Amino acid sequence: MAHDLDQKIEALVEKYTELLLGESDETLQEEVKSWIIYSFIAKQMPPLVKHWNQLYPEGKQEMMELITKIKDLNDKQRLQQKPDE
């Protein structure tokens with residue numbers, strides 16, 4: 001991939017992370033990338049993810065914890081964005 005495209009993709013992930021979670025540091029961006037990849041593959045090739053989960057049960061557990069973390073941060077972000085009712 002061209003270096004220019006890499007930079008543009010990184011900017012996209014940075015902004016997506018910020019919009020999704022309300023903040024965007026390098027750690028969160030890497031976690032969001034992992035979540036995006038896992039989620040995409042799970043939807044496109046569920047048998048592959050099932051196989052991976054069986055091969056790497058500790059990886060599956062880490063991914064489930066990461067998914068929960070991202071969901072919780074996203075829920076917190078949404079609550080902060082809601083206008084007072």
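Biologist: How many aromatic pairs does the structure hold?

Modeller: The structure, which is a predicted model, holds two aromatic pairs. One of them is formed by Tyr38 and Trp52, which meet edge-to-face, with 5.8 Å from centre to centre and 65° between the planes.

Biologist: Which parts of the chain does that pair link?

Modeller: The pair links distant parts of the chain, since Tyr38 belongs to helix α2 (residues 26-44) and Trp52 to helix α3 (residues 46-55), and the two are 14 residues apart.

Biologist: And what about the rings of Trp52 and Tyr56, how do their planes sit?

Modeller: The ring centres of Trp52 and Tyr56 are 5.9 Å apart and their planes are at 50°, so this pair is described as tilted. Taken together, Tyr38, Trp52 and Tyr56 form one aromatic cluster.

Biologist: Is Tyr38 buried or exposed, and why?

Modeller: Tyr38 counts as buried because its relative accessible area is 12%, and the cut-off for buried is under 20%. Trp52 has a relative accessible area of 31%, so Trp52 is partly exposed, and Tyr56 is likewise described as partly exposed, at 40% relative accessibility.

Biologist: Changing topic to the salt bridges, how many are there?

Modeller: The structure holds six salt bridges. One of them joins the side chains of Lys33 and Glu10, with 2.8 Å from N to O. Lys33 lies in helix α2 and Glu10 in helix α1, so this pair ties together parts that are 23 residues apart in sequence.

Biologist: Which residues are linked in a network there?

Modeller: Glu10, Glu30 and Lys33 are linked in a network of salt bridges. Glu10 itself is partly exposed, with a relative accessible area of 35%.

Biologist: What does the side chain of Glu31 meet in a salt bridge?

Modeller: The side chain of Glu31 meets that of Lys69 in a salt bridge, at 2.9 Å from N to O. Because Glu31 lies in helix α2 and Lys69 in helix α4 (residues 57-81), the pair ties together parts that are 38 residues apart in sequence.

Biologist: Why does Glu31 count as buried?

Modeller: Glu31 counts as buried because its relative accessibility is 18%, and buried means under 20%. Its partner Lys69, on the other hand, is partly exposed, with a relative accessible area of 35%.

Biologist: How far apart are Glu31 and Lys43 in space?

Modeller: Glu31 and Lys43 are 18 Å apart from C-alpha to C-alpha, and in sequence they are 12 residues apart.

Biologist: Going back to salt bridges, where do Lys71 and Asp75 lie?

Modeller: Both Lys71 and Asp75 lie in helix α4, and they are four residues apart, which is about one turn of the helix. Their side chains meet in a salt bridge of 2.9 Å, N to O. An α-helix has 3.6 residues a turn, so residues three or four places apart point the same way. Asp75 is partly exposed, with a relative accessible area of 29%.

Biologist: Now for helix α1, how many residues does it have?

Modeller: Helix α1 has 19 residues, and from its first C-alpha to its last it reaches 27 Å, which is close to the 27 Å expected at 1.5 Å a residue.

Biologist: Which residues in α1 are buried?

Modeller: In α1, the buried residues are Val13, Thr17, Leu20 and Leu21. If you look down the axis of α1, its buried residues fall within an arc of 70°, so they line one face of the helix.

Biologist: And what does the face turned away from the buried side carry?

Modeller: The face of α1 that is turned away from its buried side carries the exposed residues Lys8, Leu12 and Leu19.

Biologist: Leu12 is a nonpolar residue on the outside, then; which residues make a nonpolar surface patch?

Modeller: Leu5, Ile9 and Leu12 make a nonpolar surface patch of about 270 Å². Leu5 is found in helix α1, which covers residues 3-21, and Leu5 is partly exposed, with a relative accessible area of 39%.

Biologist: Last one, where does Asn53 lie?

Modeller: Asn53 lies in helix α3, and Asn53 is buried, with a relative accessible area of 14%. The C-alpha atoms of Asn53 and Met63 are separated by 9.6 Å, while along the chain these two residues are 10 residues apart.

Terms used: Residues are numbered from 1 along each chain as its sequence is written. This is a predicted model: local features need pLDDT of at least 70, side-chain atom pairs count only at pLDDT 80 or more; totals for chains, interfaces and linings use all residues. Side-chain values use heavy atoms; hydrogens and water are left out. Patches are made of residues with over 30% relative accessible area and no salt bridge: like charges are joined within 9 Å, nonpolar side chains (Val, Leu, Ile, Met, Phe, Trp, Tyr) within 5 Å. Accessible areas come from the Shrake-Rupley method with a 1.4 Å probe; for residues, only the protein chains shown count as cover. A salt bridge is a side-chain nitrogen of Lys or Arg within 4 Å of a carboxyl oxygen of Asp or Glu. Buried means under 20% relative accessible area, exposed over 50%, partly exposed in between (1.4 Å probe, protein chains only). Rings of Phe, Tyr and Trp (its six-membered ring) pair if their centres lie within 6.5 Å; planes under 30 degrees apart count as stacked, over 60 as edge-to-face and the rest as tilted. The expected span of a helix is 1.5 Å times one less than its number of residues. The arc is that of the directions from the helix axis to the C-beta atoms.
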